[in-house]
Amino acid sequence: MKRSVSQGTSRRENNLTMNPVDDETPGPSGLSASKKKQPRKTLREDEIRALAMDSSDDNFLSPSFVIDSDGSDSGESDSESGGESCATEAARGTKTARGSVTSEAVRAADPPVNRNTLSFVGSPGLNKLPSGSTAKDYFSLVFTNEFYDLVIRETERNAECIFLGNPSPRARITDWRPLTREELEVWLGLLFHMGTVRTNRISDYWKKSIFFSFRLFRQSMARDRFLGILQALHLAKNADENEPVPSDRLYKVRPLMNCFHRTMASCVSPGRELRIDESMLLWRGRLNFRHYMQGKMHKHGIKMYMLCEPAGLVHRMIVYAGSGDSDVGGR
């Protein structure tokens, strides 16, 4: 009697091990007897697609079906092929958590939806190739003939106005001579080099002391000629006495900005990714639209908005001229 009870108990344990999803009901003797195993549910391809598209997880709670990695339904859980499929699923990293079906058949049956997106059809890069491979050749792509003609024309006009304003006989403007493009290029080169080697005063670059020995400046241009060009430098025509002052606060630099925008539009094609950057041009002089930002490292300056590429190339710019700005002023 004792032997038969142990055999029945071991048989029941084996049955529970092979059928873990079967419901158990207690028998008259206090031992639970397993019900008959329910048949596996066979899913068609459209049913698999419907289950994958369903947002709720209620359809995946039932353990009555198992989807193998090859898309076929496993009808026998105790067979050797079922064990191999489970091992394959585990090896491929398939999720077995509650409410998830991650088989390749479901992914193939439900391809991603092709959304209509705007494709980038531009060809970013230089529209005009430089004449050579030196730095000056690339510099000439931005500083074009239009730029030099604008600066020379307006500087000559302003120098004439200064000369006719009865200056002192010892003023530098009394020795003014016509400005040429070659001389303007040298003047710009010296001005850019001053940003690399800084001194307290501009006249220090022409000193012959051992502390200020810059032979490049003395050999390239005379000091009075450099300061004379700096005094007469102009970019727009001043309003006459009988003419009203232009309402545009940036009318003195507006021709240069328009020239820069035209040059960049014809020289470079922008890429797909563009950014609008807010920058601060350092300035501590007297200007009615100079800004003071307490949270910035450089607190005093002129605020600018620039359309640029991630690498830093600027295509367009807007100088913020205060509340009266026609472009970005007001609310």
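A residue counts as buried when its relative accessible area is under 20%, as exposed when that value is over 50%, and as partly exposed in between. Keep that scale in mind as we walk through this protein, which you are seeing as a predicted model.

Let's start with the overall picture. The protein has ten helices and eight strands. Of its 331 residues, 25% count as buried. The accessible surface comes to about 23700 Å², and carbon and sulfur atoms hold 53% of that area. You can also ask how the chain meets itself: among contacts between residues at least 6 apart in sequence, 52% join residues at least 24 apart.

Now to the aromatic rings, a good trail to follow through the structure. Searching the whole structure turns up twelve aromatic pairs. One of them is formed by F143 and F192, whose ring centres are 6.4 Å apart. With 70 degrees between the planes, this pair is edge-to-face. It links distant parts of the chain: F143 belongs to the loop between α5 (135-142) and α6 (145-163), while F192 sits in helix α7 (residues 181-194), and 49 residues separate the two. F192 has a relative accessibility of 45%, so it counts as partly exposed.

F147 and Y148 form another pair. Their ring centres lie 5.3 Å apart and their planes meet at 70 degrees; an angle over 60 counts as edge-to-face, so that is the label this pair receives. On the scale we began with, both F147 and Y148 are buried.

Rings can also join up in a group. If you find W187, Y205, W206, F214, F217 and F226 in the model, you will be looking at a cluster linked by ring pairs.

Some rings have a charged partner instead. The charged end of R225 sits over the ring of W176, at 4.7 Å from the ring's centre. Further along the chain, K303 lies over the face of Y320, and here the distance to the ring centre is 5.0 Å.

Let's finish at the surface. Here L126, L129 and Y138 make up a nonpolar patch, and together they have about 350 Å² of accessible area. Y138 is part of helix α5. Is Y138 buried, exposed or partly exposed? Its relative accessibility is 44%, which falls between the two cut-offs of 20% and 50%, so Y138 counts as partly exposed.

Conventions. Residues numbered from 1 in each chain as written. Predicted model: local features only at pLDDT ≥ 70, side-chain atom pairs only at ≥ 80, totals over all residues. Heavy atoms only, no water. Phe/Tyr/Trp six-rings, centres within 6.5 Å; stacked < 30°, edge-to-face > 60°. Helix = DSSP H or I, 4+ residues; strand = E, 2+ residues; numbered from the N terminus. Buried < 20%, exposed > 50% of the residue type's maximum accessible area, 1.4 Å probe, protein only. Lys NZ or Arg CZ within 6 Å of the ring centre and 35° of its normal. Contact = heavy atoms within 4.5 Å. Areas by Shrake-Rupley, 256 points an atom, 1.4 Å probe, with all protein chains shown as cover. Patch = residues over 30% accessible without salt bridge, like charges linked within 9 Å, V, L, I, M, F, W, Y side chains within 5 Å. Salt bridge = Lys/Arg side-chain N within 4 Å of Asp/Glu carboxyl O.
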